[in-house]
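Biologist: I have a model open and would like to learn how to read it. Could you walk me through it?

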Amino acid sequence: MNTASSTTDTPPPPHDGRSAISGKAVRPGDRIFLGLSRGSGIALLVIMAAIAVFLTYRSVLAISGDKADFFTTWDWNASGAEPKFGIAVLAFGTVVSSVVAMLLAVPVAVGIALFISHYAPRRLSSTLGYVIDLLAAVPSIIYGLWGALFLVPHLTGLYTWLDDYLGWTGIFEYGGGAARSLFTVGILLAIMILPIVTSVSREVFLQVPKMHEEAALALGATRWEVIRMSVLPFGRSGVISASMLGLGRALGETMAVATVLSPSFLINASLLDPGGGTFAQNIASKFSEADQFGQDALIASGLVLFVITLLVNGAARLIIARRKEYSGAAA
């Protein structure tokens, strides 16, 4: 006869698995790593906030003493008896040259990335990828010297051709002279940001799941249809991120622009007319000879560039977040 045990087996206390998977540091190494990573994030925020506070403080000092409108004035005379300076020309030149660079560089970079990742043989793709990556290591001043000594003299023919066929638009009207214009700056910036956009886009395209491509091929898709239906949708957010990285360099490029551009505080309707200016180029060329107030004025223009960069990166993040279904994160 089976008799019940006088003492029933009490079930073990329920195991709370949340502590095991919550990410809380348990081991000393975990605690150290958590502290370092958290401290790095906090330090980054503190540094960004310190930069913003410094730029804002010095900018307020300069703008309060400006005798002209800071946003619409075409002149820069911060060291005069009555300081008058504005960022209209600088903002126009920075935006226009960066847009030209993006329009020229991004399609070429995406094409090169697709060729390396999906068309070229393995040996050629590795060699070409190495050469593209090597271009990113070239100093800015080398690009500037090449642009001033080689690119500028050899763009006269292109400028004449654009004037013959597109001069009626007014944007590509060429009146002669050296090709030291915003369009030349845009071409040079496009060459400089090409390796950045290409490298990031190539790595993104190489991460496309093979089963997506094989499924498209099994359905009878051609090579281009595979790229259009599988590769490009998957890598769209990565290409946007790569483009924003390139745009960040184009917006803040200094030495190459200062070497190639013929600076003047004029806004020309034609991109081929010499003259113009950018924020970074103006700061680099005028900072050494500026007095205290002039330096504050240049810092004020740097604050505008800082805000533009933040807005561009914020817009990129919003675009990527809205298109995250194409990024493969949910796969």
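Biologist: How many cavities of 30 Å³ or more does a search of the whole structure find?

Modeller: The general idea first: rolling a probe the size of a water molecule over the atoms shows where empty space is left. A cavity here is a set of points, on a 1 Å grid over the protein atoms alone, where a 1.4 Å probe fits but cannot get out. Searching the whole structure at 30 Å³ or more gives 1 cavity. The largest cavity holds about 70 Å³ of space, a volume being the space filled by probe spheres set on the points, which are joined across faces, edges and corners. Do keep in mind that this is a predicted model: local features need pLDDT of at least 70 and side-chain atom pairs count only at pLDDT 80 or more, while totals for chains, interfaces and linings use all residues. Residues are numbered from 1 along each chain as its sequence is written, and side-chain values use heavy atoms, leaving out hydrogens and water.

Biologist: Which residues line the largest cavity?

Modeller: Lining residues have an atom within 4 Å of a point. Among them are Val 89, Phe 92, Leu 266, Asn 268 and Asp 273. The lining divides into 5 nonpolar, 6 polar and 1 charged residues, with Gly counted as polar. Its largest share, 3 residues, comes from α3.

Biologist: Now helices. Which residues of α4 are buried?

Modeller: An α-helix has 3.6 residues a turn, so residues three or four places apart point the same way. In α4, the buried residues (under 20% relative accessible area, 1.4 Å probe, protein chains only) are Ser 125, Gly 129 and Ile 132. They lie on the same side of α4, because they cover an arc of only 65° around the axis, judged by the directions from the helix axis to the C-beta atoms. The opposite face carries Arg 123 and Tyr 130, which are exposed (over 50%). Covering the buried residues, with contact meaning heavy atoms within 4.5 Å, are elements including α3 (88–119) and α7 (182–206).

Biologist: And Ile 320: buried or exposed?

Modeller: Ile 320 counts as buried because its relative accessibility is 14%. This residue lies in helix α12 (residues 292–322). Leaving aside residues up to four places away in sequence, Ile 320 touches Ser 237, Ile 240 and Ser 241. Ile 320 and Gly 238 are 82 residues apart in sequence, yet 8.3 Å apart in space, C-alpha to C-alpha.

Biologist: What share of the chain is buried?

Modeller: Of the 331 residues in the chain, 38% are buried.

Technical notes: Helices (H or I, at least four residues) and strands (E, at least two) are DSSP runs, numbered from the N terminus. On a 1 Å grid over the protein atoms alone, a cavity is a set of points where a 1.4 Å probe fits but cannot get out, and a pocket is an open set with protein on both sides within 12 Å along at least five of seven lines; lining residues have an atom within 4 Å of a point.
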